[in-house]
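User: I am new to this structure and should be grateful for a close look at a single part of it. Please choose one helix and describe its surroundings in a connected account.

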Amino acid sequence: WGVRKAAAESLVGLAMALRVDSRTEPFVPLMNDLLKDLSRWVRMSALQQLGYFVASQEASERVPPGMLTQYVEIIEQSKANTDAADMSFHCAYTFAAVAKTVGPAQWPALQAPFASLCRDTPLKTRRAMAASMHVVALALGPELAEVEVLPQFEALLQDSALEVRQAALRNVAAFLVAAPTAGARGRVLRLLQAAMGKAESWRSRH
């Protein structure tokens with residue numbers, strides 16, 4: 001199983017070394033086999049790589065529907081398993097690239113997992129989401145981004161963890177470029193003004 005585990009870990013790198021139109025065959029069948037491997041360690045490695053693999057296809061028509069479904073299921077399962085922090089982090093780290101690859105047409109499948117990752121308990125998962133919200137917004141387009149992404153971005157800008165807030169703040173400008181509607185701009189700027197006001201209040205007390 002050690003060789004198969006190493007294969008799972010290197011499959012995405014190998015696929016990325018090829019032209020995008022050469023990444024589907026035989027790599028999709030290989031990934032499917034690794035996801036069903038008898039060894040738990042091989043399956044876990046393949047599951048961790050699944051988001052990266054989906055993103056490597058770079059177009060929705062190259063992603064088998066079952067593979068996207070399995071990616072969504074991983075997110076749901078990691079939420080129910082407190083020991084699956086690494087799995088949820090990999091899903092968060094790749095979520096924006098997956099959303100960009102499959103496009104707005106597949107958003108109904110990703111909508112609930114997106115909200116789940118943004119509210120996940122592990123700090124590193126929320127930080128990864130905060131750092132890539134602008135990519136999700138760009139993938140969905142301005143109108144959908146304002147409705148679906150902006151509320152989660154606002155929450156991350158107010159997260160209890162400083163690292164998460166900082167990751168979101170670094171991408172405010174990029175987010176507003178991706179979601180340039182007047183409503184989105186006004187909501188984000190009001191939130192930033194409120195945050196600056198709190199910072200000034202804290203400094204005045206200390």
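Analyst: A residue is called buried when its relative accessible area is under 20%, exposed when that area is over 50%, and partly exposed in between. This matters at once for helix α8, which spans residues 133-140. The model is a predicted one, and what follows describes α8 and the elements around it as they appear there.

Helix α8 is mostly covered, with 6 of its 8 residues buried. These buried residues are Met133, His134, Val136, Ala137, Ala139 and Leu140. Directly after the helix comes Gly141, whose phi is positive, near 95°.

One partner of α8 is helix α6, which covers residues 107-118. Two packed helices are described by the angle between their axes and the distance between the axes. For α6 and α8 the angle is about 165° and the axes lie 13 Å apart. Angles over 145 degrees count as roughly antiparallel, and α6 and α8 are therefore roughly antiparallel to each other. The crossing of α6 past α8 is left-handed. On the α6 side the contact is made by Trp107, Phe114 and Cys118, and on the α8 side by Met133, Val136 and Leu140. By class, the residues of this contact comprise 6 nonpolar, no polar and no charged.

Leu140, one of the α8 residues in that contact, also has a partner outside the helices. Pro104 is found in the loop between α5 and α6. Although Pro104 and Leu140 are 36 residues apart along the chain, their C-alpha atoms are separated by 5.1 Å. Leaving out residues up to four places away in sequence, Pro104 touches Ala139, Leu140 and Leu144. Ala139 and Leu140 are among the buried residues of α8, whereas Pro104 counts as partly exposed because its relative accessibility is 41%.

Helix α6 has a further neighbour in helix α7, residues 123-131; these two pack at an angle of about 120°, with their axes 8 Å apart. The two helices α6 and α7 are therefore oblique to each other. Here Phe114, Leu117 and Cys118 of α6 meet Thr125, Arg126 and Met129 of α7. This contact has 4 nonpolar, 1 polar and 1 charged residues. Phe114 and Cys118 take part in the contact with α7 and also in the contact with α8.

Phe114 leads on to the interior of the model. The largest nonpolar core has 61 residues, and Phe114 is listed with Tyr71, Phe95, Leu110, Val149 and Phe175 as having the most contacts inside it. Helix α5, residues 85-102, gives the most to this core, with 8 residues. In soluble globular proteins, nonpolar side chains tend to be buried together. Leu110 gives a detailed view of the core: apart from its neighbours within four places in sequence, Leu110 is in contact with Leu68, Tyr71, Val72, Phe95, Val98, Ala99 and Val102. Among these partners, Tyr71 and Phe95 are themselves named with the residues that have the most contacts inside the core.

In summary, α8 is a mostly covered helix that meets α6 through nonpolar residues, while its residues Ala139 and Leu140 are touched by Pro104.

Conventions
Residues are numbered from 1 along each chain as its sequence is written. This is a predicted model: local features need pLDDT of at least 70, side-chain atom pairs count only at pLDDT 80 or more; totals for chains, interfaces and linings use all residues. Side-chain values use heavy atoms; hydrogens and water are left out. A nonpolar core is a set of buried Ala, Val, Leu, Ile, Met, Phe, Trp, Tyr and Cys residues joined through side-chain atoms within 4.5 Å. Buried means under 20% relative accessible area, exposed over 50%, partly exposed in between (1.4 Å probe, protein chains only). Helices (H or I, at least four residues) and strands (E, at least two) are DSSP runs, numbered from the N terminus. Contact means heavy atoms within 4.5 Å. Axes are lines fitted to C-alpha atoms, for helices over the stretch in contact, and angles run from 0 to 180 degrees between N-to-C directions. Angles under 35 degrees count as roughly parallel, over 145 as roughly antiparallel, 65 to 115 as roughly perpendicular and the rest as oblique. A crossing is left-handed if the near helix is turned anticlockwise from the far one by less than a right angle, and right-handed if clockwise. Ala, Val, Leu, Ile, Met, Phe, Trp, Tyr, Cys and Pro count as nonpolar, Asp, Glu, Lys and Arg as charged, and the others, Gly among them, as polar.
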